[in-house]
Amino acid sequence: MDEAPNNRTSLAKGAKDIAKEAKRHASKNFNKAVDRASDEYSAQRSYNRFQNEDEDNYNAYNQPDGQYGDNAANDEEGASSDATEGHDDEDEIYEGEYQGVPASNNEKPRDGQVSLGLKSLKSQKEQENERQADEEELAQQYELIMQECGHGRFQWQLFFVLGLALMSDGVEVFVVGFVLPSAETDMCVPNSGAGWLGSIVYLGMMFGAFFWGGLSDKVGRKQCLLISMSVNGFFAFLSSFVQGYSMFLLCRMVSGFGIGGAVPIVFSYFAEVLAREKRGEHLSWLCMFWMIGGIYASAMAWAIIPHYGWSFSMGSAYQFHSWRVFVVVCALPCVSAVVALTFMPESPRFFLETGKHDEAWMVLKHIHDTNMRARGEPERVFTVNRIKVPKQLDELVEMPNESANPVVKVLCKIKAELRGIWLTFMRCFSHPVKENTMKLAAVWFTLSFGFYGLSVWFPDVIKHLQADEYASRVKIHHNERIEDFTFNFTLENQIHRNGVFMNDRFLNMKFKAVTFIDSSFINCYFEDVSSVGSSFKNCTFVDSFFYNTDVDDAKLTNSRVINSSFHHNKTGCQMTFDDDYSAYWVYFVNFLGTLAVLPGNIVSALLMDKIGRLSMLGGSMVLSGISCFFLWFGTSESMMIFMLCLYNGLSISAWNSLDVVTTELYPTDRRGTGFGFCNAICKLAAVLGNLIFGSLVGITKAIPILLASAVLVGGGLVGLRLPDTRSNVLM
């Protein structure tokens, strides 16, 4: 009698086991069918080869002798997780139900991750080879993931945020040229110190590009871009209030150091959230923001700087002129970029490269869900479970004692970061990117040298032509004698030789480009007189009275002052833009030159993925070099402006394609460093181009034309030797 209940119990248990096994096989077959359907739907976007194919080994059934654990049986009998509560087994998983963050497929127990002081089982070379293999596998998988995430709202949001940062870089470059004449005049900068502003800003940008680009490979794209843009915005704003020229130079240099990180980080950041078929086109569209920055700076300079009335003063020591208002306005894109960037996530590719699998998965899911909601498909589920994480190499870091001074700890941290940046930089000159780094550096240098050199040379040549035309219209007066006359109007572009002025009154008037030579002023009265570009050479003042004028020793060259007095002289350097046609003309010319790159931007964006990066890079540089020869015919202002627009329109395609190629040639772990190094070379070439081409203005046309043509054509030929990256995935 006792055996019957035992038999019934055994039969029931066996039947239950058979039912559970059948249920497991049915679930497995159903999952396979779903996988096949998903593969067909996503055009072979399969991640199965990156996961473990043997899915039959479940922990619940992995017991010896075919026994099933009690916990597994309890789970199978009816316990449901919080994630799927309220659903049957056959229900699909909807978006928003928490499934947990999937673990990395090569994640090891953390107890053995700290290996400082322990002997490694593999040599450094073997570890590097293993990491290289992991990176190649990750590159293929990451491309499939980005295809699944799609291109939509998230990429466009990031596009405009990073565009503001790139726009700030363009503004910074143009601010230098627009502010330079006004700042040097306002601060009474002697000729020996003139021109330092342009060079010092480019030097700051050069060091900033190298530092921030390298740091972005260590601490992240978003964090570095936030800090660098904040530095730029703060010191740009501060520079508008400082009065001394040396402090102004320091602020603009630090501001340039901050904005130097924009270009290498922006392109690296954006490229890492784009699929291969979208990368070339949308990186080219992003380049348009640099043009927008130039247009913004030109328009603001045109609208603000010539209005001398937009200023205030606090005594004679503090002067806030219109060009300072312009500097404040030009800091607004940077501030906007910082605010918008705080709402964007870190690059998921950077997270994966540094071993942060969970953070990368969450960002990728956010990208996927954002794009799917924008498409009206919120039910689409992010199907990626595991992502390959490259092997993390051990790095020896010198750590200070816990009881050490906080200053010592900070210094050790800075030293460690700088050492890491330097080591990453040295890896840019190791196989397999060494040759590419050298070629890229040559192309960046030649393109920048020719572009920035001619950018300085063109406006200076136009100014030189204007000055020649202005000088040709000068009025010369000889041996004139004027008595008891009141001058209350502006005298402009005149030369007075051997003149005699007796009992004359000069009231509330201006001298503009007026020179008095060997003239005499006897018993004359000067009140509220301003002189711009005017001087008195070998003149004599007898019994004359000066009140509230800017006539000082600097304007009295070899002149004699006899029984004359000066009261309440104007201090500082006087600025005036009233009816200054040349100021408006300079800003308008730069506006046209910047606007001329719009067609080139559109063409390069549309054709980047069709004709290839290298063809566009080499072709654009060669055509730009050839166009320089037409400068021989630039004998008028209108002809030179036309040539400026033509040159800018042809060269912009080279800049866009070079940005794309540089981004794609470097692996993720040194992309910021490599791009930063190339951009630093670019700024160094800009400094040299400004100095060399600027010194040749008014001397000869032959040297600038031949030099620019040679470097542009040579750089274009080197660019054609770079590897084609159109079909590459981001390594």
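**First stop: His368**

Begin by selecting His368, which has its place in helix 13, residues 357–374. The model on the screen is a predicted one. Is His368 buried or exposed? Its relative accessibility is 0%, and His368 therefore counts as buried. Next, display the residues that His368 touches, leaving aside those up to four places away in sequence: Glu148, Cys149, Arg380, Val381 and Phe382.

**The whole chain**

Now zoom out and colour the protein chain by secondary structure. The chain comes to 21 helices and 16 strands. Of its 731 residues, 47% are buried. Switch to a surface display: the accessible surface of the chain comes to about 35,500 Å², and carbon and sulfur atoms account for 59% of that area. Consider also the contacts with a separation of 6 or more in the chain: 68% of them are between residues 24 or more positions apart.

**Aromatic pairs**

A pair of aromatic rings is described by the distance of the centres and the angle of the planes. Across the whole structure, a search finds 50 aromatic pairs. Select Phe159 and Phe289 as one of them: the ring centres are 5.3 Å apart and the planes stand at 70°, so this pair is edge-to-face. Which parts of the chain does the pair link? Phe159 belongs to helix 4 (residues 153–186) and Phe289 to helix 9 (residues 276–304), distant parts of the chain with the two positions 130 residues apart. Phe159 has a relative accessible area of 6% and is therefore buried. Phe289, with a relative accessible area of 11%, is buried as well.

Then select Phe451 and Tyr647. Here the ring centres lie 6.3 Å apart and the planes meet at 25°, so the pair is stacked. This pair, too, links distant parts of the chain: Phe451 is in helix 15 (residues 434–472), Tyr647 is in helix 19, and the two are 196 residues apart. Both Phe451 and Tyr647 are buried.

One further ring deserves a visit. Select Tyr142 together with Arg349: the charged end of Arg349 sits over the ring of Tyr142, at 5.1 Å from the ring centre.

**Salt bridges**

Side chains of opposite charge can pair when their charged atoms come close. The search of the whole structure finds 16 salt bridges.

Return to helix 15 and select Glu435 and Lys439, whose side chains meet in a salt bridge with an N to O distance of 3.1 Å. How many residues apart are they? They are 4 residues apart in helix 15, and therefore about one helical turn separates them. The two partners may be examined in turn: Glu435 counts as exposed because its relative accessibility is 53%, whereas Lys439 is buried, with a relative accessible area of 17%.

Next, select Glu492 and Lys512, which form a salt bridge at 3.9 Å, N to O. Glu492 lies in strand 6 (residues 491–497) and Lys512 in strand 8 (residues 505–517), so described as distant parts of the chain, 20 residues apart. Glu492 counts as partly exposed at 37% relative accessibility, and Lys512 counts as partly exposed at 27%.

Now move to Asp669 and Arg670. The closest N and O atoms of this salt bridge are 3.4 Å apart, and both residues are buried. To conclude this part, select Asp217, Arg221, Glu272 and Arg671 at once: these residues are linked in a network of salt bridges.

**Leu556 and its surroundings**

Select Leu556, which lies in strand 14 (residues 556–557). Leu556 is buried, with a relative accessible area of 12%. Which residues does Leu556 touch, not counting those up to four places away in sequence? They are Phe536, Phe541, Val551, Val561 and Phe566. Add Asn538 to the selection: its C-alpha atom is separated from that of Leu556 by 7.9 Å, although the residues are 18 apart along the chain.

**Last stop: a surface patch**

Finally, select Phe633, in the loop between helix 18 (613–627) and helix 19 (637–665). Phe633 counts as exposed because its relative accessibility is 55%. Extend the selection to Leu623, Ile626, Phe629, Phe630, Trp632 and Leu706: with Phe633, these residues form a nonpolar patch on the surface, and together they have about 720 Å² of accessible area.

Conventions. Residues numbered from 1 in each chain as written. Predicted model: local features only at pLDDT ≥ 70, side-chain atom pairs only at ≥ 80, totals over all residues. Heavy atoms only, no water. Patch = residues over 30% accessible without salt bridge, like charges linked within 9 Å, V, L, I, M, F, W, Y side chains within 5 Å. Areas by Shrake-Rupley, 256 points an atom, 1.4 Å probe, with all protein chains shown as cover. Salt bridge = Lys/Arg side-chain N within 4 Å of Asp/Glu carboxyl O. Buried < 20%, exposed > 50% of the residue type's maximum accessible area, 1.4 Å probe, protein only. Phe/Tyr/Trp six-rings, centres within 6.5 Å; stacked < 30°, edge-to-face > 60°. Lys NZ or Arg CZ within 6 Å of the ring centre and 35° of its normal. Contact = heavy atoms within 4.5 Å.
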